[in-house]
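Here is a short briefing on a predicted model. It goes through confidence, cores, one helix, cysteines and aromatic rings.

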Amino acid sequence: MMIDPGAESAPPSAGSAEKALSFFYRGWREVRDSAGADLRLMRSRANSLKTLADREFENLFGFPSSVHAFSSPSEFEIVKRIQPKLSELRKTYSAPDFSRKVLEKWAPKATIGIDLSAIRSAVVSEIDEVGVVLDPSKDGARGRRRVLWNGAEEEEKGKEWEPIRILKKGIKEFERKSQSTSNELVEKMKLSLGSFVREPQEPKEIPPLHLPELLAHLVKQSVPLLDHLGIQRDTCDKIIESLCHRHKDNLIPRSHSVKELSLNGNECTHDLDLRIASVLESTGHHYDGGFWTDPVKHEKADKKHHVAIVTTASLPWMTGTAVNPLLRAAYMAKSAKQDVTLVVPWLCKSDQVLVYPDSLSFSSPEEQEAYIRNWLENRVGFKADFKISFYPGKFSKERRSIIPAGDTTQFIPSKEVDIAILEEPEHLNWYHHGKRWTDKFNYVVGVVHTNYLEYIKREKNGAIQAFFVKHINNWVTRAYCHKVLRLSAATQDLPRSTICNVHGVNPKFLMVGEKIAAEREQGNQAFSKGAYFLGKMVWAKGYKELIDLLAKHKNDLEGFKLDVYGNGEDSLAVQSTARKLDLSLNFFNGRDHADDALHGYKVFINPSVSDVLCTATAEALAMGKFVICADHPSNEFFRAFPNCLTYKTSEDFVARLKEAMDNEPLPLTCEQRYNLSWEAATQRFMEYSELDKVLSNQETERTQANNKRKIKKSISMPTLSDTVDGGLAFAHYCLTGNEILRLSTGSIPGTRDYSKQHSLDLNLLPPQVQNPVYGW
């Protein structure tokens with residue numbers, strides 16, 4: 001098919017023409033509507049001008065008739081002579097057709113003018129007659145003029161008529177408000193668009209750090225080290241505050257996020273941190289982990305937290321570090337807010353014979369776990385849903401404690417790694433050779449049970465040993481814990497530590513107390529026996545103090561008899577000493593404190609000053625008995641109970657003992673029973689360890705909300721404290737890897753790694769050389 005290039009194109013269709021006409025009609029209609037709106041606006045302004053002019057004339061014509069209303073007779077004469085001309089002008093501009101004529105003149109591209117020459121001429125002629133001299137410029141309206149009024153000479157610029165000036169002012173005010181409204185709308189649109197498209201911000205200039213700021217930051221980060229060296233924290237705070245105030249103007253950067261902060265005396269160190277963080281942020285530096293630390297934290301597979309409670313002893317060894325962590329695990333699991341795993345040591349049969357009473361032994365971890373769960377269920381009255389895991393351990397006869405064998409952290413599965421509670425953190429980490437707890441776990445809490453310094457001081461060269469053990473305890477707790485809880489002030493002061501009793505009593509003891517109180521209400525005799533003492537039979541557990549008190553006041557306590565229950569390494573020595581001194585002591589084998597044979601005693605005596613918080617004392621109070629104990633920091637929690645009688649001297653001991661034997665103990669109130677329970681202890685533990693914030697994620701949400709308004713310090717800069725802690729952990733790892741150093745400090749041979757027997761009992765891989773924890 002051929003196409004003729006000269007052929008004319010087809011004319012447009014009728015539909016296209018109609019569309020074009022419709023488009024032009026709409027445009028013309030919009031112009032017409034806009035012009036009509038403008039005319040209506042002009043008419044409104046003219047009416048406003050007319051009203052304003054009428055008001056001005058009325059004010060002018062309403063002058064007082066008395067000449068005394070004017071400052072001079074000349075002023076009165078001027079107004080009187082121009083009054084007829086002003087009246088005529090008013091009639092002219094007040095005519096009904098005046099507005100119409102004005103609007104007709106205000107056509108497009110036309111200007112309106114009001115001829116005021118008549119008024120000016122009248123005013124000039126009248127003023128000339130009273131001695132006012134006018135010197136108009138060439139234009140006669142806006143020039144400068146010199147006015148002589150009553151002999152006074154002034155020079156000023158010509159002014160426009162007041163109604164015209166007000167009209168112009170109103171127009172300018174309208175334009176300003178329109179512009180302001182337009183700008184406001186534009187800003188709101190920019191903000192709304194900014195949520196979708198963020199414009200690049202220009203880097204803001206932040207001044208560099210000054211020397212006093214660097215010194216203040218160094219002192220702040222060195223506070224734990226200086227405190228360890230004996231320099232008080234208050235002194236460090238004063239030094240920091242002094243250095244901060246020298247450069248107060250430079251502490252707060254000029255960025256918008258920091259301008260809102262104020263520099264108060266108590267906030268000096270906080271603002272200093274923000275200052276350091278802002279400088280690091282301006283340089284593009286981001287801190288992703290220290291030289292010693294592992295920045296990778298294990299994420300939870302689900303929303304539920306996992307808590308691993310690691311302790312140094314296990315049932316059937318009836319010691320505080322075996323019983324209390326077990327009860328803590330049960331009551332934490334009872335809340336069902338988190339999954340709980342109790343990690344306890346597993347001993348080979350050769351060590352079980354040395355530790356467990358009544359020749360109890362277990363062939364497998366499953367068998368021992370069944371024993372533990374059966375004992376627990378009989379005590380708490382409910383079935384606790386938590387997991388029990390085992391790690392290899394060896395018993396030390398010299399230290400009378402169990403030492404972990406190998407890296408304890410590797411026996412906690414990665415999926416359960418979240419929060420760790422270290423019962424006796426110093427004990428667990430004396431010879432710990434493995435991964436750092438704070439690197440593997442997101443949060444680590446230590447609970448101090450034992451006053452090791454008091455035990456060590458009783459040994460040969462105890463003062464020297466206690467000195468080294470004190471600093472080693474500080475070392476390992478600082479390197480491996482985020483938070484440390486001390487049961488009482490009887491323990492040494494440790495880094496990041498808080499004093500709080502986070503232990504409760506077995507519900508069975510509270511039930512015994514309620515039963516005894518009910519019998520007393522019925523008029524029955526609740527207590528048929530006198531006084532007793534119960535505890536592991538070693539000299540350090542209060543036996544030395546007990547024998548000394550009874551021997552010193554043997555005559556004052558004539559006829560008094562005391563029953564003693566306990567087993568231990570010093571049993572023969574204690575009984576032999578009591579016989580030599582002819583003391584009225586009856587010795588029995590150790591029993592569970594909840595045994596029915598002990599319910600009838602009225603007075604429990606505990607003279608020990610080596611305990612941190614004696615569990616037997618709390619149990620005796622729960623059963624409604626009198627307790628006689630020393631005035632010691634370890635008994636501070638029990639002083640709130642009326643049945644607790646404390647003594648400071650041996651004479652006070654005798655007086656308290658006679659008082660208890662001659663009176664009946666008071667029944668416990670509901671509040672006192674609750675304070676002794678594990679429910680209250682668990683609540684105190686969650687609060688003082690700050691686990692309630694961690695588990696509920698409230699602290700995380702609040703931190704994220706605050707980070708929207710201020711600089712995030714935790715990932716923007718390293719701290720000297722974290723660096724020192726990491727260095728301490730690395731040094732500890734290196735030293736504990738040397739077998740000679742381990743043996744020289746009292747470690748058991750072969751505890752750096754678990755033994756072959758442990759691998760068989762726990763179904764572990766044979767011990768082998770493991771990969772180093774700190775790789776380069």
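The protein has a mean pLDDT of 77 (the predictor's confidence in each residue, from 0 to 100), and 67% of its residues reach 70 or more. This is a predicted model, in which local features need pLDDT of at least 70, side-chain atom pairs count only at pLDDT 80 or more, and totals for chains, interfaces and linings use all residues. Residues are numbered from 1 along each chain as its sequence is written, and side-chain values use heavy atoms, with hydrogens and water left out.

**Low-confidence stretches**
- Residues 1–14 stay under pLDDT 50. They have 0 contacts (heavy atoms within 4.5 Å) beyond four places in sequence.
- Residues 249–266 are also below 50, yet this stretch has 36 contacts beyond near neighbours in sequence.

**Nonpolar cores**
- A nonpolar core is a set of buried Ala, Val, Leu, Ile, Met, Phe, Trp, Tyr and Cys residues joined through side-chain atoms within 4.5 Å. Buried means under 20% relative accessible area, exposed over 50%, partly exposed in between (1.4 Å probe, protein chains only).
- The largest core holds 79 residues. M332, L376, F386 and F685 touch the most other members.
- Helix α12 (residues 320–334) gives the most to this core, with 9 residues. Helices (H or I, at least four residues) and strands (E, at least two) are DSSP runs, numbered from the N terminus.
- Beyond four places in sequence, the contacts of F386 include L326, A329, A330, A333 and L376.
- A second, separate core has 27 residues, among them L549, L585, I605 and Y647.

**Helix α25**
- In α25 (residues 678–688), the buried residues include W678, F685 and M686.
- Their cover includes α12, β7 (419–423), β8 (443–448) and α26 (691–696).
- E690 follows α25 and has a positive phi, near 65°.

**Cysteines**
- The structure holds 0 disulfides (pairs of cysteine sulfur atoms within 2.5 Å).
- Why is C644 unbonded to C629? The two sulfurs are 3.6 Å apart, too far for a bond.
- C644 is buried at 10% relative accessibility, and C481 is buried at 2%.

**Aromatic rings**
- There are 19 aromatic pairs in the whole structure. Rings of Phe, Tyr and Trp (its six-membered ring) pair if their centres lie within 6.5 Å; planes under 30 degrees apart count as stacked, over 60 as edge-to-face and the rest as tilted.
- F467 and F468 pair edge-to-face, at 5.5 Å centre to centre and 80° between the planes. F467 is partly exposed at 49% relative accessibility.
- Ring pairs join Y532, F533, Y543, Y565, F588, Y601 and F604 into a cluster.
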